[in-house]
Amino acid sequence: MVQTNTVVTISAATAATGLLAYVIYFDYQRRVDPNFRRNLRREERRQARAEKEEAQAQTKQKRKDIQRSVDQAKEEGFPTGVNEKEQFFMDHVQKGEMLAADPSRTLDAALAFYKALKVYPTPGDLISIYDKTVDKRVLDVLAEMIAYDKSLDLGSGPSLGGGINIADMPGAGMPSVGLD
């Protein structure tokens, strides 16, 4: 009677020999047969093309989802009162931070940050804060949302009017030392 160990060993050796024979045959065909090499290249190109098309389709779907989310947020509307805006802002920033911890909820996190951005008085300043604190994957989705929303004013409010104008400073017309 044949022992189990012997059967398992023979089966494993047969499988390994078959695999080795296939590898040798494949390598031989690859080296010798130009049609085989051509078919391999075609398959590689076909697979690369399919992966590229799949990636493009995913990108288009992602953009549609982002646009749908922004449109839905606009339809829901945003608060107008100062206290309501402040509470809305705090709630959505907190919600965005909690959702950003979960990589599968990136769109929801970005939408929460977007809603907070819409009610913030100086969105340009808030974007620079987001840039320093928010995860890159969420920030990328948020950037697409901002790019889609043409009604979002990214100016920093009334103080953005050009910053400090040196010509308006007293003594600006005075020559500097040694340059007369």
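**Exercise 1. What share of the 180 residues in the chain is buried?**

Solution. Start with the model itself: it is predicted. Next, apply the cut-off: buried means under 20% relative accessible area. Buried residues make up 21% of the 180 residues. Now turn to the surface. The chain exposes about 13,500 Å². Carbon and sulfur atoms supply 56% of that area.

**Exercise 2. Work out the fold pattern from the helices and strands.**

Solution. Count the elements: there are 6 helices and 0 strands. Read them along the sequence, and the pattern is α-α-α-α-α-α. Then check the contacts with a separation of 6 or more. Residues 24 or more positions apart account for 64% of them.

**Exercise 3. Find which helices build the largest nonpolar core.**

Solution. The largest nonpolar core has 26 residues. F113, Y114, Y130, V138, L142 and M145 touch the most other members. Five helices each supply at least two residues: α2 (34–76), α3 (82–100), α4 (106–119), α5 (123–133) and α6 (136–148). The largest share, 8 residues, comes from α4. A general tendency fits here: in soluble globular proteins, nonpolar side chains tend to be buried together.

**Exercise 4. Show which face of α5 is buried, and what it packs against.**

Solution. List the buried residues of α5: P123, L126 and Y130. Seen down the helix axis, the buried residues of α5 fall within an arc of 55°, so they line one face. Recall the helix geometry: an α-helix has 3.6 residues a turn, so residues three or four places apart point the same way. Now look at the other side of α5, where D131 and K132 are exposed. The buried residues of α5 pack against α3, α4 and α6.

Take Y130 as the close-up. Set aside its neighbours within four places in sequence. Y130 is then in contact with V93, F113, A116, L117, L139 and L142.

**Exercise 5. Is S69 buried or exposed?**

Solution. Place the residue: S69 sits in helix α2. Its relative accessible area is 12%. The cut-off for buried is under 20%. S69 is therefore buried. For its partners, leave aside neighbours within four places in sequence. S69 is in contact with L107, L111 and M145. M145 is also among the core residues that touch the most other members.

**Exercise 6. Which residues make a nonpolar surface patch of about 450 Å²?**

Solution. The patch is made by L19, Y22, V23 and Y25. Now locate one of them: Y22 is found in helix α1, residues 4–32.

How values were computed. Residues are numbered from 1 along each chain as its sequence is written. This is a predicted model: local features need pLDDT of at least 70, side-chain atom pairs count only at pLDDT 80 or more; totals for chains, interfaces and linings use all residues. Side-chain values use heavy atoms; hydrogens and water are left out. A nonpolar core is a set of buried Ala, Val, Leu, Ile, Met, Phe, Trp, Tyr and Cys residues joined through side-chain atoms within 4.5 Å. Buried means under 20% relative accessible area, exposed over 50%, partly exposed in between (1.4 Å probe, protein chains only). Helices (H or I, at least four residues) and strands (E, at least two) are DSSP runs, numbered from the N terminus. Contact means heavy atoms within 4.5 Å. Accessible areas come from the Shrake-Rupley method with a 1.4 Å probe; for residues, only the protein chains shown count as cover. Patches are made of residues with over 30% relative accessible area and no salt bridge: like charges are joined within 9 Å, nonpolar side chains (Val, Leu, Ile, Met, Phe, Trp, Tyr) within 5 Å. A salt bridge is a side-chain nitrogen of Lys or Arg within 4 Å of a carboxyl oxygen of Asp or Glu. The arc is that of the directions from the helix axis to the C-beta atoms.
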